[in-house]
Amino acid sequence: MLVSKLQPIIARYDEISTLLQTPEILHDIQKLKTLSKEQSDIESLVQKARQYIQILDDIEQNKQLLEDKELGELAKEELKSLETQSKEIEEEIKILLIPKDPNDDKNIYLELRAGTGGDEAGIFVGDLFKAYCRYADLQKWKVEIISSSENSVGGYKEVIALIKGKGAYSRLKFEGGTHRVQRVPETESQGRIHTSAITVAIMPEVDDVQVHINPNDLKVEVFRAGGHGGQSVNTTDSAVRITHIPTGISVSMQDEKSQHKNKDKAMKILQARIYEAQLQEQLDQNATARKNQVGSGDRSERIRTYNYPQNRLSDHRINLTLYSLEEIMLSGNLDLVINPLITAAQSEAMSNQTT
């Protein structure tokens with residue numbers, strides 16, 4: 001029964017409230033932070049749980065009044081309202097009971113890379129990156145370009161950005177995969193529709209505690225940064241390439257003039273990529289979780305098609321079709337896609353909990 005699941009959580013919340021007032025905890029900053037976070041994480045659930053239990057009590061009281069000559073009709077009407085409320089809150093509680101993704105509150109590295117389609121793929125990297133930036137602006141997040149490699153027609157071969165803000169990972173984690181675009185390229189003189197593809201990776205920002213990298217496992221190379229056409233843009237060896245030998249994961253960074261800054265940026269992205277690879281390995285080991293997840297983040301998975309002639313956006317994982325592509329891209333209103341994805345993921349998680 002749902003109430004039996006909720007009672008220990010309410011009891012723990014009350015226990016933490018008591019502990020937070022004790023001198024022992026008040027003088028231990030680390031314990032204070034840990035307990036405060038635990039309490040904050042379950043606060044919404046506890047509030048709903050108490051509301052739910054109160055409604056169940058009210059339902060029982062009204063049932064006892066049904067045979068009363070004076071109050072029976074009133075109780076009957078009250079019951080209808082209470083039972084509707086209880087079902088609504090029950091669904092909200094089921095969502096709140098879904099185990100929280102530990103990465104949900106983290107900042108993210110957003111990585112877009114041109115795939116098939118030549119220059120047009122690079123142009124679409126730029127278009128989609130602008131849409132993500134507009135969405136970040138709507139969410140009051142900050143976007144910092146970490147690294148970018150432009151192509152010759154105003155697009156990008158690759159762009160990596162750090163997006164900082166509350167819930168950045170929770171909102172954008174389903175964006176990872178292959179994004180396909182169908183449209184007439186600016187470079188097309190005969191009006192033919194071309195199909196191109198780019199890859200998107202969403203990597204939570206991590207720290208040294210989460211991803212321990214042995215310095216002996218790293219191969220660090222320095223070289224001279226180059227720009228368009230291969231010309232030198234720096235007279236010193238400031239560019240850095242770091243390779244993690246056990247995994248083969250490599251990161252190159254040349255945007256900064258300082259070798260130290262390039263190395264620092266490269267290490268942070270390397271940590272994020274290694275962490276992403278570890279998450280992917282866990283999913284691959286659990287075939288059921290991989291099958292049931294809305295988006296695994298696997299870059300090879302074709303997740304979405306942007307059809308410009310028909311103003312259509314299709315997300316293939318949940319069979320979502322929207323005829324508002326222009327609005328989504330120009331205004332950054334990605335919630336039109338993100339909200340259905342989150343709802344689908346929550347439904348799958350609730351289904352898995354009951355099976």
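Helices α1 and α3 are oblique to each other, because their axes cross at roughly 135 degrees, an angle that is neither over 145 nor within 65 to 115. I should state at once that the model before you is predicted.

Allow me to stay with this pair. Helix α1 covers residues 2-19 and helix α3 covers residues 29-64, and their axes come within 8 Å. The crossing of α1 and α3 is left-handed.

Which residues of α1 meet α3? On the α1 side they are L2, V3, L6, I9, I10, R12, Y13, D14, I16, S17 and L19. On the α3 side, the partners include L35, I42, L45, V46, I53 and L56, as well as E38, E43 and R50. By residue type, the contact of α1 with α3 divides into 16 nonpolar, 2 polar and 5 charged residues.

I turn now to a single residue, K265, which lies in helix α7, residues 259-285. Is K265 buried or exposed? Its relative accessibility is 15%, and since the cut-off for a buried residue is under 20%, K265 counts as buried. The side chain of K265 makes a polar contact with the side chain of E256, at 2.7 Å. Leaving aside residues up to four places away in sequence, K265 touches I145, I146, M253 and E256.

Finally, the protein as a whole. The protein has 10 helices and 11 strands. Of its 355 residues, 40% are buried. Among contacts with a separation of 6 or more, 59% join residues 24 or more positions apart.

How values were computed:
Residues numbered from 1 in each chain as written. Predicted model: local features only at pLDDT ≥ 70, side-chain atom pairs only at ≥ 80, totals over all residues. Heavy atoms only, no water. Axes fitted to C-alpha atoms, helices over the stretch in contact; angles between N-to-C directions. Helix = DSSP H or I, 4+ residues; strand = E, 2+ residues; numbered from the N terminus. Parallel < 35°, antiparallel > 145°, perpendicular 65-115°, else oblique. Left-handed = near helix turned anticlockwise from the far one by under 90°. Contact = heavy atoms within 4.5 Å. Nonpolar A, V, L, I, M, F, W, Y, C, P; charged D, E, K, R; others polar. Buried < 20%, exposed > 50% of the residue type's maximum accessible area, 1.4 Å probe, protein only. Polar contact = N/O pair within 3.5 Å; in protein donor to acceptor, adjacent residues only side chain to side chain.
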